[in-house]
Amino acid sequence: MKKIFGAASSGAYKLGVVACAIHLVVSWWIIISVLMSDHDAQWQLIWIFLLPFDFPFSLLVFFAGYIFPGWYFRGLPSPWDDFHSFVLPVVIHGIIGPLWYFFLPVYIDGCMTLKHRRYVESES
C-alpha cells in the first residue's frame, strides 16, 4: 500500500484534494441545513442526493435498518437521536465520503504507475 501511494503523482494528490474539498463543502452544507431546518416529515430524503456519489459506502446508509437494528440515541436532541437517518449518514457522507474522494484518484494513479513500471521493466 505504501508503494502505491508513493508512486502516485502530485497531480493525483492535487485532484484528490480538490475532489475532497468539493465533497466536504457540499456534504457539510447539507448536514448543516438539516441541523438548521424545522425537520419536516421527509427530511431524511436529503441523503438520496449523496447516495450515488459515495458508493459503495452509501449502501450502509441505505440498509442501515438491517445492518444496525435497534440503534437509537434516546435523550439527545433531534436529529442527533436518530442513528439511522442522521448520525450514520453524517459519518458516511461527511467524513468517509470526502476521504474516499481524496484517496481514490491517488490510489488509481499509483496502481497505474506501478503497472506501467512493471510493463516497462519486462520489455527491457
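## The main core

In this predicted model, the largest nonpolar core holds 15 residues, and Ile 31, Trp 43, Trp 47, Phe 86, Leu 88 and Val 90 make the most contacts inside it. Two helices, helix 2 and helix 5, each put at least two residues into this core. Helix 5 gives the largest share, with 6 residues.

Trp 43 is worth a click in the viewer. Setting aside neighbours within four places in sequence, Trp 43 touches Val 34, Pro 79, Asp 82, Ser 85 and Phe 86. Two of the names in that list tie back to what else we know: Val 34 is one of the buried residues of helix 2, and Phe 86 is among the residues with the most contacts inside the core.

## A second core

There's also a second, separate core, made of 5 residues, including Ala 8, Ala 12, Cys 20 and Phe 102. Ala 12 and Cys 20 are both in the buried set of helix 2. Phe 102 is buried because its relative accessibility is 18%, under the 20% cut-off. Cys 20 comes in at 17%, so Cys 20 counts as buried too.

What about the cysteines: how many disulfides does the model have? The count is 0. Cys 20 is buried, whereas Cys 111 is partly exposed, with a relative accessible area of 28%.

## Overall layout

Zooming out, the protein has 5 helices and 0 strands. Read from the N terminus, the order of elements is simply α-α-α-α-α. Of the 124 residues in the protein, 33% are buried. The accessible surface is about 8300 Å², and carbon and sulfur atoms account for 71% of that surface.

Sequence separation is the other thing to look at. Take the contacts between residues at least 6 apart in sequence: 73% of them join residues at least 24 apart.

## Helix 2, inside and out

Helix 2 covers residues 10-36, which is 27 residues. From first C-alpha to last, helix 2 reaches 38 Å, close to the 39 Å expected at 1.5 Å a residue. Which residues of helix 2 are buried? They are Ala 12, Gly 16, Ala 19, Cys 20, His 23, Ser 27, Ile 30, Ile 31 and Val 34. If you're wondering about the spacing, an α-helix has 3.6 residues a turn, so residues three or four places apart point the same way. The cover over the buried residues of helix 2 includes helix 5.

Ile 22 is also in helix 2, but is Ile 22 buried or exposed? Ile 22 is exposed, because a relative accessible area of 53% is over the 50% cut-off. Ile 22 and Pro 98 are 76 residues apart in sequence, yet their C-alpha atoms are 8.2 Å apart in space.

## Where helix 5 starts

Phe 83 sits in helix 5, which runs over residues 83-123. With a relative accessible area of 7%, Phe 83 is buried. Phe 83 is 13 residues away from Gly 70 in sequence, and the C-alpha to C-alpha distance between the two is 9.3 Å.

## Ring pairs

The model has 5 aromatic pairs. One of them joins Phe 49 and Phe 53, whose ring centres are 5.6 Å apart with the planes at 55 degrees, so this pair is tilted. Both partners are partly exposed: Phe 49 has 46% relative accessibility, and Phe 53 has 40%.

Phe 102 and Phe 103 form another pair, with centres 5.0 Å apart and planes at 70 degrees, so this one is edge-to-face. Here the two partners get separate labels: Phe 102 is buried at 18%, while Phe 103 is partly exposed at 38%. Ring pairs also bring in Tyr 13, which is linked with Phe 102 and Phe 103 into a cluster.

## A cis proline

One backbone detail to check before setting anything up: which peptide bond is cis, with omega near 10 degrees? It's the bond from Phe 55 to Pro 56. Pro 56 is in the loop between helix 2 and helix 3, and helix 3 spans residues 58-62.

How values were computed. Residues are numbered from 1 along each chain as its sequence is written. This is a predicted model: local features need pLDDT of at least 70, side-chain atom pairs count only at pLDDT 80 or more; totals for chains, interfaces and linings use all residues. Side-chain values use heavy atoms; hydrogens and water are left out. Helices (H or I, at least four residues) and strands (E, at least two) are DSSP runs, numbered from the N terminus. Buried means under 20% relative accessible area, exposed over 50%, partly exposed in between (1.4 Å probe, protein chains only). Rings of Phe, Tyr and Trp (its six-membered ring) pair if their centres lie within 6.5 Å; planes under 30 degrees apart count as stacked, over 60 as edge-to-face and the rest as tilted. The expected span of a helix is 1.5 Å times one less than its number of residues. Contact means heavy atoms within 4.5 Å. A nonpolar core is a set of buried Ala, Val, Leu, Ile, Met, Phe, Trp, Tyr and Cys residues joined through side-chain atoms within 4.5 Å. A disulfide is a pair of cysteine sulfur atoms within 2.5 Å. Accessible areas come from the Shrake-Rupley method with a 1.4 Å probe; for residues, only the protein chains shown count as cover.
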